[in-house]
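Biologist: Could you walk me through one part of this model in some detail? I'd like to take a close look at a single sheet and whatever packs on it.

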Amino acid sequence: MGGAEALGRRPLLKAGLAALLTSTSTAPASARQRSEPYLLGRGIGDVTGQAAENGMMGYARIGQRTTGIHQRQRARAFVVAEHDRPDRRVAVVVVDAGMVFGCVREAVIARLAERLGNRYTHRNLLLTATHTHAAPGGFSCHTLYNVTTVGFQPGTFEALVTGITAAIERADADLAPGRLGLARGELSGASVNRSRAAFERNPAEEKRHFPDAVDPSTVLLTFERHGRPVGAINWFPTHATSLSPDNTLISGDNKGYAAYHWEREVSGVDYRGAEPGFVAAFAQSNAADMSPNLELRPGTGPTDDEFANTRIIGGRQYAAAARLVNSARPVSGGIDHRVSRVDMSGVTVAPEFTGDGRQRTTCAAALGASFAAGAEDGPGPSFFDEGAGNNPFFGTISEALYRASPELRERQAPKEILLPVGALDWVPRVLPIQLVRIGELHLVALPQEVSIVGGLRLRRTVAERLGTTPENVVVVGYSNDYAGYLTTPEEYDQQAYEGGHTMFGRWSLPAYQQEFARIASDLAAGAESAAGPSAELNPEGGRVRLQPGVVVDAPPPGKEFGDVLEQPGESYGRGERVRVVFASAHPNNNRRGGDTFLLVQRRTPAGWSTVADDGDWSTEYHWARKGVAASTAAIHWTVPSRAASGEYRIVHRGDAKEPGGRIRRFSGTSASFRVG
């Protein structure tokens, strides 16, 4: 069902949701607490970054800069508290972003402290990214991740902090009695192993656990009130890279589409309305070697259309999750959490975790030459190759380093060292690890991209310390900060892209196993976990801004802002694309968080009714610079297959910067056209 139909039935759905959320039970309080043992809250915040001329995060291509919006980025927050002890609570937030960097998390916690006191802290707040590669970057406080975005981008940083904070506040205000459900299933056809040679180096027993070299596990946590679902979090490992490096429109990629489809097209959610509606988050797990590009080329599989693939792979994740709703069994048990910080540049790892019976040590971060080669479905420059021994120049340099330092060889070989980013202080070294318990479900949150076998080892390690099964443990990568990849030592030796990006050396995964075993043992014993070393806040050079902001806007000669430069046709059939071009201004003047740059409207007896905006899959907002200060906005609307017949129009909203710096709002409206 398209956006127009979902919006057309919105009043009925909103009335139904309102009745569901405000109805009361006549059962005694004790009975309600047994049937609804938790307090549950959900909230959505708009985190869409700068829609124009902002370097994008993920593919590390300097030329990939935003030129508009296909889907808005969202933060989806869920708060769970024990019914009779609401101070025992956690907040899990899934963000449509490439990563969640530590400085973003610190800023969110600081703002929450101003507004909600100490209700949400480092201990009980889990922030995790979907890892979309189709979103603006430049919001790290460490240099490496801002290189290809031409430095720090304060507008995008602020969009993330503001939107995440708003989502958590809304979830907190939404708390009401309910129950949780947990279900597990399998999904095929949404992932493929992009690092098969490295996977094959693992022991046979672990490979047998993944007979198709993929992790098909899809885990669903449902949020229910009065016996009906009002929200869900799904964990499934596949990269959010259905859109290729050639795309420059902001999008949540396949996981963003899955969430949008369930919320908007199935449940009729109005993102700009006051009610939270149904909230569906599609989070990552151990996705390091899992690609949605089934042909292992950028933007390929199941078709050669990257936007179609985004919808298909996202739709498969939605369908697998939706099938689990009715089989979800009630969750029981308390809420708990442990968090600690680890200096990953110097962890001494005990023999029980190294796998070779010897004590080992991690070391300062270094990127390998195979990192620069990129992955199979996102290749880098052609003069770099994946694989140990395939980059002779850097191999020669590394061999000299290893001869001079046997300790470095023991910790980083066979990596052909490209860049000592740790010594340069370009990446974080003190990183957070977090363990969250929600009943029998345990979330292992870490700031790395973990391979499927690496995830299996972490789950087994934590499960053994907690006295549960690995099925009750989910690895949640891309959480609370970011520091590259995490492979098994065996996979590391292959020095594929993922091994070259495992920065702290061959013993990184055993180090994480050891540290998670520590905090899992603390949780099992009811003991506090050691805080660990102090976090690195705002390292020197991390917030350098190299790209100037908007200076001034001017309309094309003889035109005003909002004037229509290209009108639509007189009529369109379903499936056809409407195109309207407006005289516009730079969108970074106002990111319009919680708002929109466009409206698709249909004439009704009561007036013009909005059926879609720039957050809908059916629309595209394309911005282009024309000369020095002029710009245009091309708005596309693909008429949904079930759009109602009638008269339509396109509205564009924008904000222009005048000489002197004043920002002035404007709007423009196209001629009307017929559909049907």
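What is the strand order in the open sheet of 4 strands, and what sort of pairing does the sheet have?

Modeller: Sure, and keep in mind that this is a predicted model. Going across the sheet, the order is β14-β21-β22-β24, and the pairing is mixed. The edges belong to β14, residues 335-343, and β24, residues 473-476. Each of those two has a single partner strand, so one side of each has no neighbour in the sheet. From one strand to the next, the twist averages 15 degrees.

Now for the pair β21 and β22. Strand β21 covers residues 430-438 and β22 covers 441-445; the two run antiparallel, with 5 bridges joining them. If you want a spot to zoom in on, try R437, which stands opposite H442 in β22.

Then there are the helices. Helix α14, residues 452-466, packs on the sheet and touches β21, β22 and β24. Its direction makes about 135 degrees with that of β24. Helix α17, residues 508-525, also packs on the sheet, and its contacts are with β14, β21 and β22. For α17, the angle to the direction of β21 is about 40 degrees.

Put the two helices together and you'll see that β21 and β22 are touched by α14 and by α17 as well. As for the edge strands, β24 is among those touched by α14, while β14 is among those touched by α17.

Technical notes: Residues numbered from 1 in each chain as written. Predicted model: local features only at pLDDT ≥ 70, side-chain atom pairs only at ≥ 80, totals over all residues. Heavy atoms only, no water. Pairing = 2+ DSSP bridges. Axes fitted to C-alpha atoms, helices over the stretch in contact; angles between N-to-C directions. Contact = heavy atoms within 4.5 Å.
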